[in-house]
Amino acid sequence: MRDILYVITGTSRGIGHELEKILIKEGVDFIAINRENVDFRDSSSVAALGARLTDTVKQKYPHHEIVFINNAGYLEPPAPLWETSAATIVSSVSINLIAPL
């Protein structure tokens with residue numbers, strides 16, 4: 001059976017943070033990604049994180065099967081759509097939909 005590496009986003013709080021604590025307790029291999037690791041509004045910061053993640057996986061976990069858990073989510077203060085700026089919508093879509101791809 002292959003070793004498994006869990007890559008989890010959204011670990012700064014909530015479900016992702018609780019999942020991180022469970023994985024620590026279970027002693028499994030995982031990489032936690034959260035807003036402290038990267039500025040998701042800056043594409044170069046996201047690209048740099050991707051490069052670091054790729055390098056880390058290749059060097060430390062070359063034979064692991066990877067399970068990606070996209071738990072991250074971002075929402076500006078809730079407001080009706082007609083009161084939401086285009087920039088806010090683009091930011092939310094970029095973080096919640098495009099970034100995980």
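**How the labels are earned**

Biologist: Why is serine 92 called buried?

Modeller: Serine 92 has a relative accessible area of 14%. Buried means under 20%, exposed means over 50%, and partly exposed lies in between (1.4 Å probe, protein chains only). The value of 14% is under 20%, so serine 92 counts as buried.

Biologist: What kind of model is this, and how is it read?

Modeller: This is a predicted model: local features need pLDDT of at least 70, side-chain atom pairs count only at pLDDT 80 or more, and totals for chains, interfaces and linings use all residues. Residues are numbered from 1 along each chain as its sequence is written, and side-chain values use heavy atoms, leaving out hydrogens and water.

Biologist: Where does serine 92 lie, and what does serine 92 touch?

Modeller: Serine 92 is in helix H3. Helices (H or I, at least four residues) and strands (E, at least two) are DSSP runs, numbered from the N terminus. Setting aside residues up to four places away in sequence, serine 92 touches Tyr74, Glu76 and Leu97. Such a contact means heavy atoms within 4.5 Å.

Biologist: How do you know that the buried residues of H3 line one face?

Modeller: The buried residues of H3 are Thr88, Ser91, Ser92 and Ile95. Seen down the axis of H3, they fall within an arc of 95°, so they line one face of the helix. The arc is that of the directions from the helix axis to the C-beta atoms. The face turned away from this buried side carries the exposed residues Ala86, Val90 and Leu97.

Biologist: Which label fits valine 93: buried, partly exposed or exposed?

Modeller: Valine 93 also belongs to H3, which covers residues 86–98. Its relative accessibility is 37%, so valine 93 counts as partly exposed.

Biologist: What makes the nonpolar surface patch that includes Val93?

Modeller: Leu81, Trp82, Ile89, Val93, Leu97 and Ile98 make a nonpolar patch of about 670 Å². Patch residues have over 30% relative accessible area and no salt bridge; like charges are joined within 9 Å, and nonpolar side chains (Val, Leu, Ile, Met, Phe, Trp, Tyr) within 5 Å. At 37%, valine 93 is over 30%, so valine 93 meets that area cut-off.

Biologist: What is the accessible surface of the chain?

Modeller: The chain has an accessible surface of about 7300 Å², and 58% of that belongs to carbon and sulfur atoms. Accessible areas come from the Shrake-Rupley method with a 1.4 Å probe; for residues, only the protein chains shown count as cover. Of the 101 residues in the chain, 23% are buried.

Biologist: Which residues form the largest nonpolar core?

Modeller: This core has eight residues: Leu5, Val7, Ile31, Ile33, Val38, Leu49, Val57 and Tyr61. Strand S1 (4–9), strand S2 (29–33) and helix H2 (43–60) each give two or more residues to the core. A nonpolar core is a set of buried Ala, Val, Leu, Ile, Met, Phe, Trp, Tyr and Cys residues joined through side-chain atoms within 4.5 Å.

Biologist: Why are leucine 5 and valine 7 called buried?

Modeller: Leucine 5 has 0% relative accessibility, so leucine 5 is buried. Valine 7 is buried because its relative accessible area is 2%. Leucine 5 is in strand S1, and valine 7 is found in S1 too.

Biologist: What does each of these two touch?

Modeller: Neighbours within four places in sequence are left aside here. Valine 7 is in contact with Ile31, Ile33, Leu53, Ile66, Val67, Phe68 and Ile69. Leucine 5 touches nine residues' worth of partners, including Asp29, Ile31, Val57, Tyr61 and Val67.

Biologist: What label does isoleucine 4 get?

Modeller: Isoleucine 4 is in S1 as well. With a relative accessible area of 26%, isoleucine 4 lies between 20% and 50%, so isoleucine 4 is partly exposed.

Biologist: What makes lysine 21 and glutamate 18 a salt bridge?

Modeller: Their closest N and O atoms are 3.1 Å apart. A salt bridge needs a side-chain nitrogen of Lys or Arg within 4 Å of a carboxyl oxygen of Asp or Glu. The value of 3.1 Å is within 4 Å, so the pair qualifies. The structure holds one salt bridge. Both residues lie in helix H1 (residues 14–26), three residues apart, about one turn of the helix.

Biologist: Are these two residues buried or partly exposed?

Modeller: Lysine 21 is at 43% relative accessibility, so lysine 21 counts as partly exposed. Glutamate 18 has 41%, so glutamate 18 is partly exposed too.
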